[in-house]
Structure formats: structure tokens, C-alpha cells
Amino acid sequence: MNVRSRLPSPGSVRPDTFWRSPLRGPWLTSVFGAVLLVGIPVLFLTGLVSYAAYNPDLSAVNDKTPDKGLLGFYLFSWPTDPYWLYRVTQGVHVTLGIVLVPVLLAKLWSVVPKLFTLPPVRSVGHALDRLSLLLLVGGGLFEFVTGVLNIQLDYLFPGSFYPLHFYGAWVFFGAVVAHVVIRLPRTVRALRSRDFRAELRTPVARTRPEPADDSGLVAPDPAPPTMSRRGALGLVGLGSVVLFVVTAGQSIGGSLRGTALLAPHGRQPGSGPNGFPVNKTAALAHIRERDVGPDWRLVVRGGGRRVSLTLAQVRELPQHRSSLPIACVEGWSTENQHWEGVRLVDLAGLVGLGDDPPGVFVESVQLHGSFRAVALRDNQVRDTRSLLALRVNGAALSADHGSPARIIVPGAPGVMNTKWVRQLSFGETTWPV
Ligand SMILES: Nc1nc2c(c(=O)[nH]1)N[C@H]1C(S)=C(S)[C@@H](COP(=O)(O)O)O[C@H]1N2
Ligand SMILES: [Mo]
């Protein structure tokens with residue numbers, strides 16, 4: 001896109017002379033805006049869904065967002081059906097977020113002269129409008145940047161990512177709603193001002209600037225075109241398609257997994273029964289050999305009772321199978337794996353709570369870092385597909401997949417599937433005292 005520039009000397013960024021691309025105008029901005037208008041609400045909703053999937057009201061372990069107040073309220077228990085629920089909602093959230101990056105950048109490029117209009121503030125209304133744009137642009141960049149960093153750099157801000165992305169989402173979406181309310185009529189008019197299909201047939205040679213108006217987008221002194229609008233849209237579209245191809249495989253799986261070049265985890269997860277992606281290895285979680293060796297005991301607590309079992313004793317309990325995927329908040333997920341182990345309901349039964357099982361607080365042998373404990377709700381415990389798994393795909397769990405025992409729950413975010421389990425406290429939702 002044409003950024004033919006005479007470099008401005010400091011303080012002399014004159015919008016009317018510096019931004020000269022003949023492509024900028026209300027129509028082009030509105031086309032990008034229309035795509036975002038569909039995409040961003042889907043991102044917001046799937047984001048809220050992801051937040052709800054943590055059962056945030058259940059315990060201070062699942063969600064540490066401070067002062068979430070009204071924004072943190074949820075009316076329902078996260079369901080266990082369909083078992084692929086989180087795999088789909090979070091796959092959509094992450095994939096769509098990545099695919100929209102070129103559209104977001106193009107939209108910002110198309111309105112960039114407006115960020116430099118002079119005088120900066122003309123009236124109270126203008127000041128409010130500019131403030132809302134600041135929240136819109138700032139919020140949008142913030143949400144996309146924190147999201148991408150979180151999925152690519154493996155929790156760059158462990159713990160703090162959730163409140164940042166969560167509060168950022170409310171600010172950003174609020175600004176989006178205000179922006180849409182203010183600009184929708186103008187956007188509709190702009191979209192009607194040109195025929196989309198005719199535009200797709202217009203080559204560079206016949207590309208003319210949009211008619212001058214008061215939008216502040218059309219360059220008063222446009223440079224000759226070096227690219228058609230068709231070219232600009234194609235470039236952005238191609239960017240999105242390429243990003244889709246190099247990421248979607250991490251959630252869709254199958255043969256597409258191999259093309260997921262941008263996926264941070266498990267493009268080559270190895271082969272064999274334990275050959276599926278690992279988020280944090282035993283080494284990274286500092287799992288000590290002696291904690292998961294022959295001295296390992298499973299402690300089951302609840303209803304005033306406490307039972308301690310060796311691995312051999314856990315193996316003697318009725319073993320059940322369930323086929324479930326792991327779906328991480330980062331967007332990657334596995335195909336169904338064939339888990340084998342003891343039902344959580346049966347474990348509740350060991351302490352006399354089998355008839356009407358409550359939720360459970362799960363702790364790992366892991367001593368430090370995130371995800372070493374989690375609270376599950378009663379509906380998750382009651383689902384007979386929820387297991388304390390000892391085996392996967394016909395083999396014992398590998399060290400990295402949580403040997404000797406891990407949780408697997410249908411429909412839940414991957415983080416609920418605690419590895420290297422040490423203790424289950426039924427009827428508790430936070431660190432037992
Ligand atoms: N103890 C413990 N359990 C854990 C984690 C962890 O870091 N420590 N990571 C969780 C996360 S974020 C995910 S997505 C899954 C990943 O499971 P996998 O490594 O077996 O594929 O395990 C979960 N269980
Ligand atoms: Mo995860």
C-alpha cells in the first residue's frame with residue numbers, strides 16, 4: 001500500500017501532505033470494519049465462554065482475577081457435554097484472533113491519518129470521540145498482543161495474563177460498541193458508495209481515490225496508485241489465509257497438524273501411545289522422581305475421612321475407559337485419546353460420598369508454578385467419563401503426561417486435567433487447611 005513519504009521533520013506531521021495513499025477512504029475502512037464487526041463479537045463471546053469454562057466463581061485457585069466484581073459473575077456450571085465443547089470454542093477464539101490480525105492492522109493503517117489530525121481537539125464532542133478511539137485502538141492492540149504473546153510464548157505473564165486479557169476485553173468491547181453505535185450509519189453509507197464486485201475487477205490503472213469528503217480519511221493530495229483496492233484487499237485476505245493455514249491445524253488436528261508451523265506446542269509430539277502434545281513437561285514442572293516413584297500415594301479426602309492408596313491399590317479399583325481430547329486455552333488441542341483409569345465418582349465413593357458426590361479439589365505433587373491445583377464442580381465429578389487416568393492409548397502414562405495419575409474431564413479446558421495427582425479432597429474447593 002502506498003506510503004510514499006517525504007519524511008516529516010519533527011512537529012510537522014501534516015496529515016494533508018504526509019498520508020498520501022490514494023486507497024484510503026471511507027469505503028476501504030468500512031470493508032475492514034465490517035469484517036471486524038463480525039469477528040470481534042465472536043472473539044468477545046468465545047473469550048467470555050473460556051472464562052466461564054474455568055468455573056471462576058468456584059474457587060480462588062481457578063481464577064485469581066482481583067476485584068472482578070460484577071464482571072466475574074456466572075450463572076451456570078460449565079457443562080461436560082458435548083465433550084468437545086471447549087475444544088471448539090477455544091479453537092475458534094484463538095484461530096479467529098490470529099486470522100483477524102491482518103484485518104486489524106489494515107484497518108488501523110486505513111485510519112492512521114486520523115490519529116494525527118490537527119488541531120488534536122476541536123470540541124468536547126470531538127474530545128470524547130478521540131478518547132473512545134484511543135480506547136478502541138489501544139484496547140484492540142492490547143487484546144491482540146497479549147493474546148498472541150500468551151499463546152506463542154507459553155504464558156509470558158503466568159497468572160497475570162488472565163486479569164489483563166479479561167479486563168482489557170471489557171474495555172475494548174465497550175469501546176467497540178460505542179464506536180459501532182456512532183459510526184454504523186456512516187459505515188453503511190460508505191459500503192453502499194461503491195460496488196464491491198466492481199471494485200474486485202478494477203486494476204491499478206483504473207484505481208482512483210474515493211471522493212473527497214469530511215471523513216478525514218481521503219488524502220487531499222493523493223499520490224498515484226501503486227496498488228488497486230482489489231490488491232489491498234487481496235493482500236490482507238492472503239495474510240489471513242496464510243495465518244489460518246499455519247495455525248488452525250493445532251486445533252483441528254489430523255493431517256493439518258503438520259502445517260501448523262506457528263503453533264507453539266507439539267507439532268512433532270512424538271509417536272506411540274503418549275505421542276500427543278505436552279504443555280509443560282515433568283522437567284519444566286520440576287517434578288521430583290521420588291514424588292512419583294514407588295513411594296507415591298494417592299490421598300483421597302472428604303466427609304471427614306481420609307484414604308491413602310498405593311499405585312497397586314489404585315489399579316485394583318474398577319478401571320474404566322473414556323475417549324476425550326485435551327483442549328488448551330492456548331488454542332491447541334488433541335484428537336480424542338483413549339484414557340483408562342478410575343472414575344472420580346468411584347473415588348468419591350471411597351470416602352462415602354459416592355451417592356451424591358460434591359466437587360473436588362485436586363492437587364498435584366508439583367510444588368511450584370501455575371496449574372498445580374484446580375477445583376472441579378460436582379457435575380464434572382459426576383460425569384462417568386471423568387477419570388483419574390493411569391493409562392492412555394493402551395500404555396501407562398508417560399512422565400510428561402502426568403505419570404502415575406492424572407485427571408481427565410470432558411468438555412473442560414486442558415488446565416483442569418491436573419497431572420501428577422497427589423490428593424483429591426471431595427467437598428473442598430480451595431487449599432485444605
Ligand atoms: N500439575 C500440572 N498439571 C497440568 C499442567 C501443569 O503445568 N501442571 N498443565 C495443564 C495444562 S495448561 C494443560 S493444557 C494440560 C496439558 O496436558 P498434556 O501435557 O498432557 O497434553 O495439562 C494440564 N495439567
Ligand atoms: Mo493449557
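## Pockets, cavities and backbone details

In this predicted model, the lining of the second largest pocket takes at least two residues from each of four helices, namely H2, H4 (101–115), H5 and H6. Among these contributors, H6 provides the largest share, with twelve residues. The pocket itself has a volume of about 860 Å³, and of the 39 residues that line this second largest pocket, Thr-29, Lys-107, His-179, Arg-183 and Thr-187 lie nearest its centre. When the residues of this lining are sorted by class, 22 are nonpolar, eight are polar and nine are charged.

The largest pocket has a volume of about 1,000 Å³, and its lining consists of 48 residues, with Ser-50, Phe-161, Tyr-162, His-165 and Val-329 lying nearest the centre. At least two residues of this lining come from each of helix H2 (26–53), helix H3 (85–99), helix H5 (124–152), helix H6 (161–192) and strand S6 (373–376). In the largest pocket, too, H6 gives the most to the lining, here with nine residues. Both domain 1 (8–254) and domain 2 (289–426) take part in the lining of the largest pocket, each with at least three residues.

Besides these pockets, a search of the whole structure finds three cavities of 30 Å³ or more. The largest cavity holds about 310 Å³ of space, and 20 residues line it, of which Asn-279, Arg-406, Gly-414, Val-415 and Lys-419 are the closest to its centre. For the second largest cavity, the volume is about 50 Å³, and the residues that line it include Tyr-83, Trp-84, Leu-85, Pro-325, Ile-326 and Asn-417. As with the largest pocket, at least three residues of the lining of the second largest cavity are drawn from each of domain 1 (8–254) and domain 2 (289–426).

The table sets out the classes of residue in three of these linings.

| Lining | Nonpolar | Polar | Charged |
|---|---|---|---|
| Largest pocket | 30 residues | 13 residues | five residues |
| Largest cavity | eleven residues | six residues | three residues |
| Second largest cavity | nine residues | two residues | one residue |

On the surface of the model, Val-241, Phe-244, Val-245, Ile-252 and Leu-256 form a nonpolar patch, and together these residues have about 420 Å² of accessible area. Helix H8 (residues 229–247) gives the most to this patch, with three residues, while Leu-256 is placed in the loop between helix H9 (249–252) and helix H10 (289–292).

That loop between H9 and H10 also contains His-286, a residue other than glycine whose phi is positive, with a value near 55°.

Two further details of the backbone concern peptide bonds that lead into a proline. Asp-81 and Pro-82 are joined by a cis peptide bond, for which omega is about -10°, and Pro-82 is found in the loop between H2 and H3. A cis peptide bond also runs from Ser-403 to Pro-404, with omega near 5°, and Pro-404 lies in the loop between strand S8 (395–396) and strand S9 (406–408).

Conventions
Residues are numbered from 1 along each chain as its sequence is written. Chains are lettered from A and ligands numbered from 1 in the order in which they are written. This is a predicted model: local features need pLDDT of at least 70, side-chain atom pairs count only at pLDDT 80 or more; totals for chains, interfaces and linings use all residues. Side-chain values use heavy atoms; hydrogens and water are left out. On a 1 Å grid over the protein atoms alone, a cavity is a set of points where a 1.4 Å probe fits but cannot get out, and a pocket is an open set with protein on both sides within 12 Å along at least five of seven lines; lining residues have an atom within 4 Å of a point. Grid points are joined across faces, edges and corners, and a volume is the space filled by probe spheres set on the points. Ala, Val, Leu, Ile, Met, Phe, Trp, Tyr, Cys and Pro count as nonpolar, Asp, Glu, Lys and Arg as charged, and the others, Gly among them, as polar. Domain bounds come from an automatic or database domain assignment. Patches are made of residues with over 30% relative accessible area and no salt bridge: like charges are joined within 9 Å, nonpolar side chains (Val, Leu, Ile, Met, Phe, Trp, Tyr) within 5 Å. Accessible areas come from the Shrake-Rupley method with a 1.4 Å probe; for residues, only the protein chains shown count as cover. A salt bridge is a side-chain nitrogen of Lys or Arg within 4 Å of a carboxyl oxygen of Asp or Glu.
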